[in-house]
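Student: I would like a close look at a single part of this model, taken step by step. Please explain each term when it comes up.

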Amino acid sequence: MALAFDEYGRPFIILKEQESKTRLRGIEAQKANISAGKAVARILRTSLGPKGMDKMLQSPDGDVTITNDGATILEQMDVDNQIAKLMVELSRSQDYEIGDGTTGVVVMAGALLEQAERLLERGIHPIRIAEGYEVASRIAFEHLERIAQKFDFGPANIEPLVQTCMTTLSSKIVNRCKRSLAEISVKAVLAVADLERKDVNLDLIKVEGKVGGKLEDTELIYGITVDKDMSHPQMPKQIKDAKIAILTCPFEPPKPKTKHKVDIDTVEKFQTLRQQEQKYFDDMVQKCKDVGSTLVICQWGFDDEANHLLMHRNLPAVRWVGGVELELIAIATGGRIVPRFQELTPEKLGKAGLVRERSFGTTKDKMLYIEHCANSRAVTIFIRGGNKMMIEETKRSIHDALCVARNLIRNNSIVYGGGSAEISCSIAVEAAADKYPGVEQYAIRAFADALDAVPMALAENSGLQPIETLSAVKSQQIKENNPHCGIDCNDVGTNDMREQNVFETLIGKQQQILLATQVVKMILKIDDVISPSEY
Amino acid sequence: MAVDRILKDDASEEKGERARMASFVGAIAITDLIKTTLGPKGMDKILQSTGRGHEVTVTNDGATILKSLHIDNPAAKVLIDISKVQDDEVGDGTTSVVVLAGELLREAEKLVAAKIHPMTIISGFRMAAECARNALLQRVVDNKENAEKFKSDLMKIAMTTLSSKILSQDKEHFAQLAVDAVMRLKGSTNLEAIQIIKKPGGSLKDSFLDEGFILDKKIGVGQPKRIENAKILVANTAMDTDKVKIYGARVRVDSMAKVAQIEAAEKEKMKEKVQKIIGHGINCFVNRQLIYNFPEELFADAGVLAIEHADFDGIERLALVTGGEIASTFDNPESACTIVLRGASHHVLDEAERSLHDALCVLSQTVNDTRVLLGGGWPEMVMAKEVDELARKTPGKKSHAIEAFSRALIAIPTIIADNAGLDSADLVAKLRAEHHKEGCNAGIDVITGSVGDMAELGISEAFKVKQAVLLSATEAAEMILRVDEIITCAPRRREDRM
């Protein structure tokens, strides 16, 4: 470790507690980083594609998660290495931005790193590799746009959307009923989509799950479900044409925030206070009744007395409804959230065609369905499944499918899946490489090789001969000049992904390539790792 | 320098074959543990809690056993979860579902060892499960139209469910109790309306069903002990000193005289309240909260029966039964009832309650879905036969998986026979031969130890239970099979409390 000395020969301390830190420099550091990145990619590699396997993750508290979703696996993996953390971030940003392809992006980055390692061994400077990758990624990006196809859909013709969602779902455990789930997802997205502005607010889609039943029982509800029941067991279980008062104030005597005291020192005061209190409860309930509400939904709790009064006045009520749900209810029913009883007016009430309570199984689980709302823009996907892990995994899968449908509404360009887009890009990048003079040419060629990693992993996971299959498909693409040839994962018998109806969104693919390249560039630029050594 | 570790310190990672091995071993261990409780001659387990007092539970109920186990193996946790869900959804078959899932995995392990890809096994299992379900659907009996027959169906199902439990000696008696109780519900699955009270003493046979409502409470001192044509007020109100709920209120006095005055005012208030209650013209008052001595005395004076501290459920049920004051909006008040269990010890009573709960759950589900199957291993044999047929017709590696599925199904009657101390190989072979005839009703008759006609013996099971067992077990096996890597995080450190 390089040290600086002053004029008396004493060393300057540059790093605090230098001795207790390990430091990796130069090529060593890059190699270590690359191998960490590769290790992460190796974990995810087997999860890619329709025949990909799942991972079982046990959290520090002993809960078990079984998933196939790249972002979830990495999130729960409890990673310690800094570079591995970068890869986790990478997958997460793909998740936030696109929602799907979280596994693919990591596999891609891993392949790029692997190629970079080889180039480093040949003595090519990391920055030159990074620049070469940059150029190559731009070529691939533009090539994707060229091979992409627009396709039309409308509220009447949802078939293309459903097909794309099915491609996403086919790699998950729910692929048993991917058709119905894809339809549910597409319908949900279309229900909340703003087709003019090409925007979808996914917050309006609530995904709820309840253990029990079978996956086929999963349904789309044009309305909201709340995991609560009526505050009093004898309130009516079904309300038609409900007018809903949405309150964020408790049915309790007021609690002023300023400190105060009410002193009782005479009998009269005691009496008046008592009457005051009674009147207070009475007023609250009366107020709700006066504006014509037939259902009260409240964020807070009720005093026993208030509960009884509500029951007595025949005003069903729900208590302890969460803030997010309250907002959704307000959006769905067109009501306003009212923070004070005094501000209740008939206009602020939400309207719903049907509110009903449903119970499940042999336990006391109850859910409240609010349906036929004034504003049907909020929908709920209600998942049933054999066990808790299944429900969680289905939720994640549905999330992916929803994101894909949303992306298609934003931009209706698609590329074909099954690795066909990657292979086509690889061919294009390879061809372009020869035109670049200088060292970058090698990096660009390496990029083309890395692009082959995704179809290769697909073939491997499907039990095919990876190299044989890949080279066959590649030559077919060049020979027939057909960028739609991919890996036939499901053994259908054709390589043409157009016939297999396997689509992916253009922006998803583009984002994958860009994000992966960026992260790899960042990793390559690191030449010094300083970390506290273990003690 | 190579980086070996990317995970945190204590986290462990198992890959590929090793991971699969770990899940198979875990799942099969759980199955072997619980296997012996299956069937009418299944044995019980003693569970000792690690908590204070080392309480002991004796049970035969799969869900209860698994719930109390502390398991570290993630695959085993999946099995425990499906058994819990089975309990919540249909209430019975909690052991069968775990055993079937375990047997499926045991078969899958052999296939994986024979180099068949897990995905191929899964697709085979899926086809087999679908086929098995259809086979069951073809053979179900639905007696919805015929009330008389349906009731006897219910009776048979209840007896079959109870026969594997501690209540098997008096199963007829208890089946009758359960059927009567469920019939009173008139099709609702709201088991809350059936109350079970446990009173140690007497024998199990002395248990009875009361068509009214029993509160395990004492009546206040000096009040009438028996009321006919009672008018009941059910309330949830404080009958001690009514607290002022306005925030920040407090009593501040400067002399003893004032204290007395305020006390008098409080008393006055209570008196008013009692007067108001009595003013409703009632002669029985049930309260969820405490009743102080003073109001109790007032009630006694007025000749009103007052009961304090009724529990939450009790109040709700009572309101349901009587259609009292707050129950005025309720439509069908006469549906609740109470089952009083008698037995030698708490353990027996607890187990009896669990068994009865299973029976009640199954019955209430059957009332909704009236399709019925025969029991005693009959459904498994029917499914196995159809699945075998399918295996023969299916080309490719999948057929191995389908065949394995049918072997796993046959494992259930095998275990039932083994548990009864019978020669399972001989019996199952006989059973299989019988089932190759059309419309066969043969199953294992554990009592005589031979193959018998299940329809004649009156052994029935609910279709809904069998279907749930089949589907959840396949789903769980599929989930575990798909895993090729297990990442275990370091357990969260607990602070040392010395």
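Tutor: What follows starts with one sheet and then turns to other parts.

This is a predicted model, in which local features need pLDDT of at least 70 and side-chain atom pairs count only at pLDDT 80 or more, while totals for chains, interfaces and linings use all residues. Residues are numbered from 1 along each chain as its sequence is written, chains are lettered from A and ligands numbered from 1 in the order in which they are written, and side-chain values use heavy atoms, without hydrogens and water.

The part to look at is an open sheet of four strands, in the order β3(A)-β2(A)-β16(B)-β1(B), and its pairing is mixed. Strands are DSSP runs of E with at least two residues, helices are runs of H or I with at least four, and both are numbered from the N terminus. Two strands pair if DSSP finds at least two bridges between them. The edges are β3 (64-67) of chain A and β1 (12-15) of chain B; each has a single partner strand, so one side of each is left without a neighbour in the sheet. From one strand to the next, the twist averages 15°. Such angles run from 0 to 180 degrees between N-to-C directions, with axes fitted as lines to C-alpha atoms, for helices over the stretch in contact.

On the chain B side, β1(B) and β16 (residues 483-488) of chain B run antiparallel and are joined by four bridges. Within that pair, B:E14 stands opposite B:I486. Two helices go with this sheet. Helix α1 (residues 26-45) of chain A lies across β2 (54-58) of chain A and across β1 and β16 of chain B, at about 50° to β1(B). Helix α3 (residues 74-89) of chain B also packs on the sheet, touching β2 and β3 of chain A and β16 of chain B, and its direction makes about 90° with that of β2(A). Contact here means heavy atoms within 4.5 Å.

Chain A has another open sheet, with three strands in the order β7-β17-β8 and mixed pairing. Its edges are β7 (205-211) and β8 (219-221), each with a single partner strand, so one side of each lacks a neighbour in the sheet. Its twist averages 25° from one strand to the next. Three bridges join β8(A) to β17 (residues 379-385) of chain A, and these strands run antiparallel. A:L220 has A:I381 as its bridge partner. Helix α7 (residues 178-192) of chain A lies across β7, β8 and β17, running at about 160° to β17(A).

Now the interior. A nonpolar core is a set of buried Ala, Val, Leu, Ile, Met, Phe, Trp, Tyr and Cys residues joined through side-chain atoms within 4.5 Å. Buried means under 20% relative accessible area, exposed over 50%, and partly exposed in between, using a 1.4 Å probe and protein chains only. The largest nonpolar core has 202 residues, and those with the most contacts inside it are A:L247, A:F251, A:I370 and B:F405. Beyond its neighbours within four places in sequence, A:F251 is in contact with residues including A:F281, A:M284 and A:F341. A second, separate core of 60 residues includes A:A84 and A:I444.

For chain B as a whole, the secondary structure comes to 16 helices and 16 strands. Of its 498 residues, 51% count as buried.
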